[in-house]
Amino acid sequence: AEKVTSLGKDWHRPCLRCEKCNKTLTSGGHAEHNGKPYCNHPCYAALFGPKGFGRGGAESHTFK
């Protein structure tokens with residue numbers, strides 16, 4: 001399997017996945033929070049971005 005390096009660790013390409021939605025991510029094409037990878041939209045924006053309608057571009061996504 002191919003190796004990718006992200007968040008200071010080596011990953012198998014299929015193992016680098018969004019912590020919330022489980023989508024496969026690319027090295028450098030994602031966001032990080034507390035050492036865990038997240039896709040930029042919608043997960044990271046909805047979970048950790050600015051709150052309020054029309055902010056962060058994730059109005060239609062609500063995570064609890």
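These exercises walk through a predicted model of one protein chain, each with a worked solution.

Residues are numbered from 1 along each chain as its sequence is written. Local features need pLDDT of at least 70, side-chain atom pairs count only at pLDDT 80 or more, totals for chains, interfaces and linings use all residues, and side-chain values use heavy atoms, with hydrogens and water left out.

**Exercise 1. The fold in outline**

Task: State which elements the protein chain has and in what order they run.

Solution:
- Start with the terms. Helices (H or I, at least four residues) and strands (E, at least two) are DSSP runs, numbered from the N terminus.
- Count them. The protein chain has one helix and four strands.
- Read the order. From the N terminus on, the pattern is β-β-β-β-α.

**Exercise 2. Surface and interior**

Task: Find what share of the protein chain is buried, and what share of the exposed area carbon and sulfur supply.

Solution:
- Set the cut-offs. Buried means under 20% relative accessible area, exposed over 50%, partly exposed in between (1.4 Å probe, protein chains only).
- Apply them. The chain has 64 residues, and 25% of them count as buried.
- Turn to area, which comes from the Shrake-Rupley method with a 1.4 Å probe; for residues, only the protein chains shown count as cover.
- The protein chain exposes about 4400 Å². Carbon and sulfur atoms supply 49% of that area.

**Exercise 3. The first hairpin**

Task: Describe how β1 and β2 pair, then place Ser6.

Solution:
- Two strands pair if DSSP finds at least two bridges between them.
- β1 and β2 run antiparallel, joined by four bridges.
- Pick out one position. Thr5 stands opposite Asp10 in β2.
- Look at the turn. Two residues lie between the strands of this hairpin, and Leu7 takes a positive phi near 55 degrees.
- Now Ser6. Strand β1 covers residues 3-6 and contains Ser6. Ser6 counts as buried, at 7% relative accessibility.
- List its partners. Contact means heavy atoms within 4.5 Å. Leaving aside neighbours within four places in sequence, Ser6 is in contact with Trp11, Leu16, Ser27, Gly28 and His30.

**Exercise 4. Charged pairs**

Task: Locate the salt bridges and say how exposed Glu2 and Arg13 are.

Solution:
- A salt bridge is a side-chain nitrogen of Lys or Arg within 4 Å of a carboxyl oxygen of Asp or Glu.
- A search of the whole structure gives two salt bridges.
- Take Glu2 and Arg13. Their side chains meet at 3.0 Å, N to O. The pair links distant parts of the chain, eleven residues apart. Glu2 sits in the segment before β1, and Arg13 in the loop between β2 (9-12) and β3 (31-33).
- Check exposure. Glu2 counts as exposed at 51%, whereas Arg13 counts as partly exposed at 32%.
- Take Lys3 and Asp10. Their salt bridge is 3.8 Å, N to O. Lys3 and Asp10 are both exposed.

**Exercise 5. Two cysteines**

Task: Explain why Cys39 and Cys43 form no bond.

Solution:
- A disulfide is a pair of cysteine sulfur atoms within 2.5 Å.
- The sulfur closest to that of Cys39 belongs to Cys43, 3.5 Å away, so the two are too far apart for a bond.
- The whole structure holds zero disulfides.
- Check the surroundings. Cys39 is buried at 3% relative accessibility. Cys43 is buried too, with a relative accessible area of 1%.

**Exercise 6. The aromatic cluster**

Task: Work out which rings pair and how each pair is arranged.

Solution:
- Rings of Phe, Tyr and Trp (its six-membered ring) pair if their centres lie within 6.5 Å; planes under 30 degrees apart count as stacked, over 60 as edge-to-face and the rest as tilted.
- The search of the whole structure finds two aromatic pairs.
- Tyr38 and Phe48 are edge-to-face, 5.2 Å centre to centre with 75 degrees between the planes. The pair links distant parts of the chain: Tyr38 is in strand β4 (residues 36-38) and Phe48 in helix α1 (residues 40-48), ten residues apart.
- Tyr38 is buried at 9%, and Phe48 is partly exposed at 30%.
- The rings of Tyr44 and Phe48 have centres 5.3 Å apart and planes at 50 degrees, so this pair is tilted. Tyr44 and Phe48 are four residues apart in helix α1, about one helical turn. Tyr44 is partly exposed, at 26%.
- Put the pairs together. Tyr38, Tyr44 and Phe48 are linked into a cluster by ring pairs.
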